[in-house]
Amino acid sequence: MFKAVFRDARLWYRIVDALASLIDEGTIKASEEGVRLRAMDPSKIAMIDFEMPRDAFDEYECDGEVMLGLNFDEVKKVVKRGSAKEKVQLEVPPGSARLKIIFKGKATRSFSIPLIDIEYEELPTPSLSFNVKATAMADIFEEALKDVELVSDYVKLEGRSNAIVVKGQSDRGEVETTLTTETGALLELEVKEEAIASYSLEYLMDMITANKAAEVVTLEFSSGMPLSLTFPIPGGGTIRYYLAPRLEE
Amino acid sequence: MVKKFKKFVKVVKAKTPWLEHVIEEFEDACDLNQVDLVIRAPPGSLCVYCKGSKMLCGKAQCPILVKIYSIARVSSIISSLNIVGSSPPAIFIGRHGYPYVQAGPLVPPFTGDTSILDTPELWLKASIQDIVDFRVKLIRGKTRFHVKDANEPPRILSEVQLMAMGSKPVDSEMILLKKPSASILLDDEVQPMGPSAPIKELKIGNVSSNKLIEKAISDTDLKARDAILELYEEGVPVSQIQRVLSAGLLGVKGVRKLVPTRWSITAVDSTISRVLRDEKVKEMPEIDEYRVYSLNFMDNRFVILMFPGKWSYESIEAWFPGTAWNPGGESIAFCGDWEGYWGRTTYASMGGCYYAARLAVTEHLVKIGKQASALVLREAHPGYIMPVGVWIVRECVRKALNQGYEKSNDLKDALNIAFSKLSISSSIWMQVSKLLNHYVKQERLTKFIDHRLKTTPSNFDESLNR
């Protein structure tokens, strides 16, 4: 038995959209504390870690652990039908292998989709230490990535003592965006040691879809190490991505 | 991509003396004078100055002459309006003017077992000359139909459809409105096409057809996509599926359409390979070594690399100066496309070759029950003077994959083996290939998180750090 009501169906769609950007199917684990999804993309280059505590829901009920094996493309299509004025209720009736998605607004609209059976693999929490940690306005970071996309397939992130530099270069040209706390692009910057690392833009552009569900993003990285992007969802919960680096030339 | 020429302005009559001058056998040259042979060269091209003698285009053989020799051989028989022969069977549906397209049968002026003339699956032993020969013997009758006429075909079209169903050569009699033009299309896109003429009348003999094909055609509730897949599963050759699809014989009743030949070839390759990929290959265990396959054919070099990992695919072609697609260039022209695990959402810019090779690759992976990341590299050298059609890619990759591979447990080794078979240097391929770039430069998260999850071979990381 699992039942949860979320206050904004549109925001819920944006969350699902962010999850679906990286994986096509996965298992959301619902427990008494809340819901969680942790999965790696098929090529094992990126990982998603989504959690939403029970407090972030208007109503929440869960007996023990309930595994929701989902095809995210299907879920996305359904959830897209919700509007910002509606609440969304997710429900797995006891003994059922279907997920009910109910939009509650002026009308009550109810969808039911089958759960799928996926082998559940408990992934460990990556224990990584990062030398650079910065919290940026998500839309400004997205623009910086889009700029780089004009010239290159990958982006170079540089953590300096006073700024984060987003760079791209190829034979097509060079692009550089500087984010600092003074201009308001960064809300926080913490640099233990200056770092520089390259990441695939293709994956980053998928991940950045999460900024529709969040306003800020926390970047964490070190030279030659994975990048972590954390998007806090307003009202509780986070979407966090990990992305393996590219080797430097 | 190489820029394409605007087509045809200069018309050179065979009666001008240059042909006799170039073709040394006197009789052959005289033969040509009987045919009203017209050669059209692209505007601004060097053909007019070269006339087949100076090799100004840089190709190893003059493509016009290759066609002329072939035409010469059938010229005496095609001077009649009445063509009696066994169609392989073959049909051709044009694409210009869509939805009003030229459609018609291809009939050679002789009877017998002609099936090889339209079965690319059998052409791997042939030379370029042979293939041009095959194609030029087929006289193409044409008349215009609306693509939707496929549902209630006028008489000639219904004969054409019947012919397309055949699995053995079909005896046919074709009456033409005028003499086949014997004109040669010097075009970079169309595969060798023989003489054509408007058709007045078509009569065909008994058609012996494959039961599976008949069943798919008579099932008017079966979608074209499903029909293609069913026929493929049953082992019907791709070229036959493509033929019935293009004749507008597949699909749900009332919405069947003629499909231009060019489109139907890619439609079949793409549909089958997509389904094999999504429903079979992605379910299979990954290979655990690097594999290198190769094949040389008609001065084309193919190398197929398979990497351990989830499905992804890239195809790259390198056209040397002097080849069909790069006639006037001074440097090698590259074109390529790729897809990740999720496949593509847009049509591959390089065209049908992408899908033809993808079919061959997915087909092979299904056969060996494995999943892999595949890279198809092709170098077209100057001996490949003109395009003979997409089949060359499908069949060469198929053959290369079937004849075995060299394996290696090390990425660097595998790349060395692969590049030793090609003449373009590894550093250039590295720049061009997304997949190689991705494999060599992109790290995996598993390296940083937990060794338990590691799936790539242990020496993978070492080779990355070279």
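This report describes the two chains of a predicted model, going from overall make-up to particular residues.

In this predicted model, local features need pLDDT of at least 70 and side-chain atom pairs count only at pLDDT 80 or more, whereas totals for chains, interfaces and linings use all residues. Residues are numbered from 1 along each chain as its sequence is written, chains are lettered from A and ligands numbered from 1 in the order in which they are written, and side-chain values use heavy atoms, with hydrogens and water left out.

## The two chains

Secondary structure is assigned from DSSP runs, numbered from the N terminus, with helices being H or I runs of at least four residues and strands being E runs of at least two. On that basis chain A holds 4 helices and 18 strands, and chain B holds 17 helices and 15 strands. The table sets out further values for each chain, for which three terms are needed. A residue is buried when its relative accessible area is under 20%, exposed when it is over 50%, and partly exposed in between, using a 1.4 Å probe and protein chains only. A contact means heavy atoms within 4.5 Å. Accessible areas come from the Shrake-Rupley method with a 1.4 Å probe, and for residues only the protein chains shown count as cover.

| Chain and property | Value |
|---|---|
| Chain A, buried share of its 249 residues | 54% |
| Chain B, buried share of its 466 residues | 56% |
| Chain A, contacts between residues at least 6 apart in sequence that join residues at least 24 apart | 65% |
| Chain B, contacts between residues at least 6 apart in sequence that join residues at least 24 apart | 77% |
| Chain A, accessible surface | about 11,100 Å², 45% from carbon and sulfur atoms |
| Chain B, accessible surface | about 19,700 Å², 51% from carbon and sulfur atoms |

## Chain A

The C-alpha trace of chain A spans about 55 × 35 × 35 Å along its principal axes. Its radius of gyration is 19 Å, which agrees with the value near 18 Å for a compact globule of 249 residues; the radius is taken over C-alpha atoms, and the globule rule is 2.2 Å times the number of residues to the power 0.38. Chain A carries 30 positive and 44 negative side chains, and the centres of the two sets lie 7 Å apart. In that count Lys and Arg are positive and Asp and Glu negative, while His and the chain ends are not counted; each charge is placed at NZ of Lys, CZ of Arg, CG of Asp or CD of Glu.

Ala185(A) sits in the loop between strand 13 (173-180) and strand 14 (186-191) of chain A, and it counts as buried because its relative accessibility is 6%. Leaving aside residues up to four places away in sequence, Ala185(A) touches Thr135(A), Ala136(A), Met137(A), Ile140(A), Leu179(A) and Thr180(A). By contrast, Ala185(A) and Met205(A), which are 20 residues apart in sequence, are 19 Å apart in space from C-alpha to C-alpha.

## Cysteines

A disulfide is taken as a pair of cysteine sulfur atoms within 2.5 Å, and a search of the whole structure finds 0 over all chains. Cys353(B), for instance, is in no disulfide, and the nearest cysteine sulfur, that of Cys335(B), is 7.3 Å away. Cys353(B) is buried, at 14% relative accessibility, and in chain A Cys62(A) is also buried, at 8%.

## Chain B: an enclosed helix and its loops

Helix 9 of chain B (residues 238-246) has 9 of its 9 residues buried, so it is largely enclosed by the rest of the structure. Among these buried residues are Gln240(B), Gln242(B) and Arg243(B), together with Val238(B), Ile241(B), Val244(B) and Leu245(B). Just after this helix, Gly248(B) takes a positive phi of about 70°.

Two cis peptide bonds can be described in the loops of chain B. One joins Pro88(B) and Pro89(B), with omega about 0°, and Pro89(B) is found in the loop between strand 3 (82-87) and strand 4 (91-93). The other runs from Tyr98(B) to Pro99(B), with omega near 10°, and Pro99(B) lies in the loop between strand 4 and strand 5 (100-107).

The loop between strand 10 (290-297) and strand 11 (300-307) of chain B contains Met298(B), and Asp299(B) lies in the loop between strand 10 and strand 11 as well. Met298(B) has a positive phi of about 50° although it is not a glycine, and phi of Asp299(B), another residue other than glycine, is positive at near 65°. Met298(B) counts as buried, at 14% relative accessibility, whereas Asp299(B) counts as partly exposed, at 37%.
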